[in-house]
Amino acid sequence: MKNPEVARILYNIAIYMEMQGEMVFKVRAYEKAAQSVEALGEDVNEIYGKGGMKALEEIPGVGKSIAEKIEELLKTGKLKYYEALKKKIPVDVEGLRRIEGIGPKTILALYKKLKIKNIEDLEKAAKSGKIRTLEGFGQKSEENILKGIEFMKRSSGRYVLGHILPLGKEIEKRLASLEYVKTAIVAGSFRRRKETIGDIDILVVSGEPKKVMDYFVKMPEVINVYGKGETKSTVKLENGIDVDVRVVEEKSYGAALNYFTGSKDHNISLRRIAVEKGLKLSEYGLFKKQKFVGGRTEEEVYKILGLRYIEPEIRENTGEIEASKKGALPKLIGYSDLKGDLQTQTSWTDGSDTIEEMALAAKKTGLEYIAITDHTKALAMTGGLDESKIAKQGKEIDKVNEKLEGIKILKGAEVNIMKDGHLDISDKALSQLDIVGAAVHSNFNLSREDQTKRIISAISNEHVDILFHPTGRIIQKREPYDADIQKIIDAAKDTGTVLEIDAYPDRLDLKDEHVKLAVSSGAKLCIDSDAHNKNHFRFLEFGIAQARRGWAEKKDVINALPLGKMLKMIKGE
DNA sequence: GCCGTTTTCGGCCCGACTGTTTTCAGTCG
């Protein structure tokens, strides 16, 4: 059993405990442990293999009791304690929890009163008007449940890229390491780094496709084989995602990779260009009549079609082909171009590691500077800092800066934009900070006009440098708040406020199309991990991918600049 | 259930919002 599965079970135990009215701190303990396991950089099996129970207990938030449960899971693949909970209340807690507004207590009430066990039951009950009759529920709750289900359905069947990427890369690596495999690469929307993906498409070059097929359908994660052919197979993995593998000859590699990377619309445009040139483009290559004229590499395919090479992230048929023809493609920001990270949280609020630990981890990922931007007081749940604590943290940062070399820590904060657009921290305190990020964390439901006004008013504060996660969406969970993004982008440009691409996998906010708007409007961007622990810096990759999908160049992104230049730019000329 | 140079016991993140209620439970962050 791998880390995500262990974490999942711990999360579910927490839900069950909360349902049963267990002490809130006990529930938190399980959630915390789950988070910790989820964020581990190392396979929990390896940790256990090397150091046994003792090593498990060294995982933050894991003590004797939870370590024993993890041990049982690793050894037997099951947990009696968890099985008993499931038997006692046989409800799909995980599924129901995914609907916004539904928590453990609601799940329990619905089960007790209406025997609702899963989302289908819930939808039926809501549609037939049964829920509004329950005590503690009303018409509004019923409507909200239906809305929640609708939203969930629209986003289901797809997986958040950040959740699937490690698995995709792992399978890619596994296939590539086989002696009879020349190349293995994940194509599809995965390679285009779309924020959500429907399935994993893998392209393999091998002279022995049969062997590849045999190996593939027998991988340990496979729970169902839809089809197994000579050169193509499709399976379902235990986590629910479908994976396709296709084997081609080496000379078709470029054409096949291009074909399987998509997008479909992009490919159609390419094929049309081929036809205009009297050629035929398929996954096997470019052909003139029956004769193979190219397709070994993608570069070759584009070249023969009279195009510059187009990076996968922008193959969406939204102007990239025209730009390529004209030689006007953007020079996309690179995956190793970032010099700093301007949004990170520490154990001062809802992060789990210290300032020093975060700084060291950032340094290890190759960054030169980070801003510590803990939450401020209006976000009480995180223990948000007030003015005096911000000052105190500043002194701590000074100390750590003195101690560390090769990484500079900036003083910052993630301040709350209140309902009327003012901030929850005084201007005087803000003026002491290097980086002030402002963010909306409440009143998501204002009218479009009010929300837009509120945000613009906040970023008009002279101390605000960055608008953090500008639209507030959570992928597959929460819609962005209603606001006029173009107006906000224009205001950002006017006030010299930087717009963030929050790289947290479930946020990716700004999203690609907004990035494109921002870039074309001339607003500046930054790409931040929003790290809540030291393993989260890897999220930056997803933020960069999103930036690339939005046609952002290095010059558009302020934290691709070295520290001095970045500060100069952010504080205005 | 976890954790500790202020603690091996007694703390542990709690305020805003929503929708249901007339004083609060549940959810979210």
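Okay, let's start with a lysine: the charged end of Lys 115 sits over the ring of Tyr 111, and the distance to the ring centre is 4.8 Å. Keep in mind that what we're looking at is a predicted model. There's a second case of this kind, with an arginine: Arg 478 has its charged end over the ring of Phe 444, 4.1 Å from the centre.

While we're on rings, let's go to the aromatic pairs. How many does a search of the whole structure find? Seven. One of them is Tyr 259 with Phe 260, an edge-to-face pair, with 4.9 Å between the centres and 80° between the planes. Are these two buried or exposed? Tyr 259 has 32% relative accessibility, so we call it partly exposed. Phe 260 comes out at 19%, and it counts as buried because the cut-off is under 20%.

Another edge-to-face pair is Tyr 302 with Tyr 309, at 5.8 Å centre to centre and 85° between the planes. Here Tyr 302 is buried, with a relative accessible area of 0%, while Tyr 309 is partly exposed at 27%. And then there's a cluster: Tyr 504, Phe 539 and Phe 542 go together as one aromatic group.

Right, on to the sheet. It's an open one with five strands, and if you walk across it you meet E2, E4, E7, E6 and E5 in that order, with mixed pairing. So which strands stand at the edges? Those are E2, residues 181-186, and E5, residues 222-228. Each has a single partner strand, so one side of each is left without a neighbour in the sheet. From one strand to the next, the twist averages 20°.

Just as a reminder, strands of a sheet pair through backbone hydrogen bonds, and that can be parallel or antiparallel. For E2 and E4, with E4 covering residues 199-206, the pairing is antiparallel, over five bridges. If you want a spot to click on, take Thr 183: its bridge partner in E4 is Val 205.

Now, what packs on this sheet? Helix H10, residues 161-176, does, and it touches E2, E4, E6 (232-237) and E7 (242-248). The direction of H10 makes about 170° with that of E2. Helix H13 packs on the sheet as well; that's residues 253-261, touching E2, E4 and E7. Its direction makes about 175° with that of E4. And if you look along the H13 stretch, 253-261, you'll run into our edge-to-face pair again, Tyr 259 and Phe 260.

Note on methods. Residues are numbered from 1 along each chain as its sequence is written. Chains are lettered from A and ligands numbered from 1 in the order in which they are written. This is a predicted model: local features need pLDDT of at least 70, side-chain atom pairs count only at pLDDT 80 or more; totals for chains, interfaces and linings use all residues. Side-chain values use heavy atoms; hydrogens and water are left out. Two strands pair if DSSP finds at least two bridges between them. Helices (H or I, at least four residues) and strands (E, at least two) are DSSP runs, numbered from the N terminus. Axes are lines fitted to C-alpha atoms, for helices over the stretch in contact, and angles run from 0 to 180 degrees between N-to-C directions. Contact means heavy atoms within 4.5 Å. Rings of Phe, Tyr and Trp (its six-membered ring) pair if their centres lie within 6.5 Å; planes under 30 degrees apart count as stacked, over 60 as edge-to-face and the rest as tilted. Buried means under 20% relative accessible area, exposed over 50%, partly exposed in between (1.4 Å probe, protein chains only). A charge sits over a ring if NZ of Lys or CZ of Arg is within 6 Å of the ring centre and within 35 degrees of the ring normal.
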